[in-house]
Structure formats: structure tokens, C-alpha cells
Amino acid sequence: MATTFKYAPALDSLSPSVTAWVDGVARLTRPERIYWCDGTELEFQRLEKELVGKNELLPLNEATNPGCFLSRSDPSDVARVEHLTYVCTQNQDDAGPNNHWIAPDIAHARMDALFRGCMQGRTLYVVPYCMGPIDSPFARGGVEITDSAYVVLNMKLMTRMGRAALERIAQDGTFVKGLHSTGDLNPERRFIMHFPEELSIQSIGSGYGGNALLGKKCHALRIASWQARTEGWLAEHMLIVGIENPQGEIHYLACAFPSACGKTNLAMLIPPESYPGWKVWTVGDDIAWLHPGQDGRLYAINPESGYFGVAPGTNLKTNRNAYETIRRDTIFTNVALTADNQPWWEGLPGKPVIDWQGRPYDPSNGPAAQPNSRFTVGAHQNPSYSKLADAPGGVPLSAIVFGGRRRSLTPLVYQARNWLHGVLVGAGLASETTAAATGTVGVVRRDPMAMKPFAGYNFADYWSHWINMGSALKNPPQIFHVNWFRQDTSGKFLWPGFGENLRVLRWIIDRCKRNIRAKDTAIGHLPEISDLDIGGLDLPSSAIEELFAVDPELWKLEYSGISAYFSEFGARLPQSLKTELADAIARIHSSQV
Ligand code: GTP
Ligand code: SPV
Ligand code: MN
């Protein structure tokens, strides 16, 4: 079938390798028409209208939520599916024990069979996109072919999509090929396959988030992490935030927390009332690409241009910036509705009337909004959008912060002793599972650098790469670990979190500036309580004690868990990381913390 331009204006910047690939995919999938997306507002609105006409998007209350729509996914298709996500390298060891693997030829045969004829009667959309500012040397192009207009709309909000991206691809001469079809949504025929050696992604059977918006986790993390290793940079599951003090000095932090563990919230933090003159600037809320700069510092860009954020829990009090951001021109997925057609989720005032599946709300059916319900919105709507969010060279990092959701064990904050120890802290990260992926929620699992679901290659090689990157930096960021989620015996969070997290970030920045001393403990540097600003917080002193308690017996268990995990990686595990762990174990055994 020849490439046809059904609606779009002729694009003069087509790269021949893109058209040849589109033609090949069209021969396999047999769409009724092919549509090249140009990324204009007009196109966006036309597609919205089309989806409203088909009842696939529901317009929300135009007075309270102008330009907002609700999409309901299939109830079996509400989160990433890690057990169906594969990294298909020639050599299984290159994917590592951290990834599901199938040989590329077998994977291709399986996927070809599923894609054959799957777009009959449907439109094939060609979605050229650029991850990173169009004029950034660090940006990378991709093209997603999809038969879902919902995916097109989301890609428009989440990436620099359309004509400019196609021009950039023609200039670069290379791009990541992403093929997506919603398929029949049968979980038996749902697969997300990555071919890093071919710079390609194939996804079928899901229309949801990270499974279907291929620029996001599939490209900007799994494929990009593979490329980053060979080219000397890092692709990470991190927010990027600038903290400005009343003197106007800004420090940038990149924080890696697992899915649904507080990245979007921290990236948009509102300073508490006791912090007049402090400002917070959002550069990114989910993904960071990190490059060493001429000055020996590490620079971060956000490859995305929008937010696909967790809805439940978002309100005026927890995250006013997010709340303001999503008041207009936002697509909501799987939230509930109020009587007057406003979006609703747990944590908002008011009452749900229709649940996320479109049924009259009945508490016996569970939460009104799906726990992984999301909003998709352009980043420029964020009141705290950083002036440097589109800077081609990115922002210089003062600190890298790892964090997890742990009801016990890890203190509110501590600092790694140096880069190598920081790599151990990151590699040893563990967190309770959340609704962002299908499966049991609340089970502690190892999630190194918050990248367990997203590293496109063997973690042992990834840790070596991290260690090498640090050694090559004259001024590496300081590395920290935080835990906003420690609980008391009754299950209540000990730390108020959200805006109050700025108190912890302030300590982190003071440490980066080497302004204050800290307690040298077996696990790293902990704050002197007098250096952490807790003024005005209604916290009993027992809570503070518990937040910073380091129990040597629990840490011995933790380190043996990390040892056991590391041993899965066999001879590829870097020797220096092994030694670092042995040192940490020796310290915990010889100290009373
Ligand atoms: P992904 O988009 O899945 O990568 O998630 P994320 O890391 O951006 O998490 P997000 O900020 O959306 O937060 C997830 C959930 O954690 C929401 O329900 C928040 O309300 C809650 N949360 C975020 N920050 C805090 C905090 O400091 N304390 C507490 N107790 N909860 C928080
Ligand atoms: C995550 O799960 O980490 C997300 C949402 O940010 S998704 O795009 O589905 O990966
Ligand atoms: Mn994420």
C-alpha cells in the first residue's frame, strides 16, 4: 500500500527511512487510512471532536473544567503490565535477570502474527515526536505508529509532537520506531516488547499509559537507558526540581522514586507558610536525561513536555500547583464523576455519583476513581513551570535523591558518604508496590534507582555505568535517600509530607553547600536534629525519634537482602559495588549506629 495523506497537509520534511517504515507497517497491519500527525492545535481539537462523537471521550463540565475530557479504559487495562513487558536482546545476559526476555526473532514472529491485519477498518496514525527540547543536542526523535486517537492526543500533550519533530528526525537521520495497536485488549494477547539493538518498540493489546504512550517509559527509559550507556549519559526515572531560597539562589535536584511514590508532588511542591520567599520550579516530574557538562557537573533535561500524573490524593491542600494545572485542557483517565459532571477522585471534596467504570457509585464496588487513574496535561500550564524547563543544555544538579515507600527501616533522610556509596544506596533501593502496575499492592520489593521496571539492560552493567559516570565527574551531585512514608504502629504516616518536604530539601541543599555538619552513622550521614527545621510542625518528639531511628538489626537483615539480590547478577556485578556493600555490612556490625 502506498503512503497516503488522507487529512494532513503535505509534509515537506519527510525522512525516506520514516516513509519506508510506515509503508512496511501498513502492509502488515492493513489500515483503512493513514494519517500523518502535524501536531497543530487544530488537529488536536478535530481528534477530540471525533472521539467525543464516538463516545470515547466525554466532555466534562465546561464551566468548572474548560477543555477537559474523561476517557474510560477497559477495566482490564488500567496500569503497566510488567509481566508482559520484555527486553529482547540477542544475548539474554544483556537484558539481565531484571528483565523478561525472549529472543528477538521469536518475539518478532509472535508480534508480526498479532499485528497482521490488526488495523483493518481503522486509521493508522503516524506520530512523530521529539523527546527533549527540539533544539537540544540531548533530544532524541521517535515515531509512534498507533491506531488509537487517544494515544495521539496524549502524545501531543506529553511530547513535542508533529512537524518540528519530523524535521529534527530528518536532520538526525535516526529515530526510535514504535509500533502500537490497541488490539483486542485481551490480556492473553497483550505484549510490550523492546528491541534496543534495533531501536524499536512494539506494543499490542493495551491502550493505557506506559504501555501505549511509547515515547514515555518504552523510549525515554528502556531504549534511552541502553543508548545512554553506550554514549556516556544516563536515562533515569527522576523528577527534576529547582529550589530557590529567599536570596534568589537556585539549586536543582533530581529525585528517583518508584511509581506512585511522590515524584509529581515533589516536583510541584508549594512551600509551607513558614517559608516566605522560597520558590519551587518544576523542570520535570517523571523522567530525566543526565549528561556530564564541561564544568564537571551533571546536567539534567526533561525529555517530556507534559504530565501523566496520579489523580487520587491530588487536591488544593496536597498539591495546589497540580490542582491549578489540571483545571483546564486536561484529559482524565479512569476518574469518577460528580452530579454536575466534574472529575472526582478520592481526596477531593464533594461526592462521586458515577464511578470510573461509568456505573452509579456504590462504595461496595471499591474506590470511585481507579487507584491508578491519571491526568494528562501540558507542562506549560503548571504555575511553577521552570524558565529553564526548555533550556537545550538542561540544569546543573546539586543533588540526586533516591526514595522509596517504606513503612519502617529507612529514616526520613540521610546522605551517602560519597558517589560509590550513593550508587549502593540507589542499587539497594526497595519500596512497597503501588497501583501503577498490575499485581499486589503494598509488598516491599527491590527497585534499584526506581528503575526495576524501566532499565533496558542488565542492572549489573547499569551499576557499572553509574560508577563510571561518577568517577568522570569533577563535581558530581551529592547523593541522598528520603522516605516520606514511614508509619507509626497504628499505620499513620509519621511525617506530614507534601509541602513540608521542603524542610528536608533545605537540609539537603545545606549539606550540598557544606554549610552544616551531620551525624556520621553506619548507614550514612544523618541530620543533627537541631539542623532540620521542624518549627511549627505539630510533631511529638517520639515521632522525630522514630523518623530518624536506625535499627542495626533491621539493617543487617536489609543488607543481607541486598546481598542476596546482588548475587543474582553473578560475575557481571561490579567488584567495587560488592566491596562497598561489604564495607556497609562491616560498619553495621561494628557499630551501635
Ligand atoms: P508515577 O507517575 O507513577 O511515576 O508517580 P509519582 O512518583 O509521580 O507519584 P505522585 O507524586 O503522583 O504521588 C503518588 C501518591 O503518593 C499520590 O496519591 C500522592 O497523594 C501520594 N504522595 C505524594 N507525596 C506524598 C508525601 O509526601 N507524603 C504522603 N503521605 N503521600 C504522598
Ligand atoms: C509510572 O508508572 O511510573 C508512570 C505511569 O509514570 S506510566 O506512564 O503508566 O508508566
Ligand atoms: Mn513514573
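Q: Into which domains is the protein divided?
A: The protein is split into domain 1 (16–56 + 78–231) and domain 2 (236–305 + 387–589), with bounds taken from an automatic or database domain assignment. This is a predicted model, in which local features need pLDDT of at least 70 and side-chain atom pairs count only at pLDDT 80 or more, while totals for chains, interfaces and linings use all residues. Residues are numbered from 1 along each chain as its sequence is written.

Q: How do you know that domain 1 and domain 2 are in contact?
A: Contact means heavy atoms within 4.5 Å. By that criterion, 40 residues of domain 1 touch 36 residues of domain 2.

Q: What makes Glu304 and Lys216 a salt bridge?
A: The term requires a side-chain nitrogen of Lys or Arg within 4 Å of a carboxyl oxygen of Asp or Glu. The closest N and O atoms of Glu304 and Lys216 are 2.9 Å apart, so the pair qualifies.

Q: What makes Lys217, His237 and Asp286 donors of the manganese ion (ligand 3)?
A: Donors are N, O and S atoms within 2.8 Å of the metal (3.2 Å for Na, K and Ca); water is not among the atoms, so sites may look incomplete. Lys217 (NZ), His237 (NE2) and Asp286 (OD) lie 2.1 to 2.6 Å from the ion, so they count.

Q: Why is the site of the manganese ion (ligand 3) called irregular?
A: Six donors count as octahedral if opposite donors are over 155 degrees apart and all others between 65 and 115; anything else is irregular, apart from the four-donor classes. The six donor atoms here give angles of 65 to 174°, and the site is classed as irregular.

How values were computed: Chains lettered and ligands numbered in written order. Heavy atoms only, no water. Tetrahedral: all angles 85-135°; square planar, octahedral: opposite > 155°, others 65-115°.
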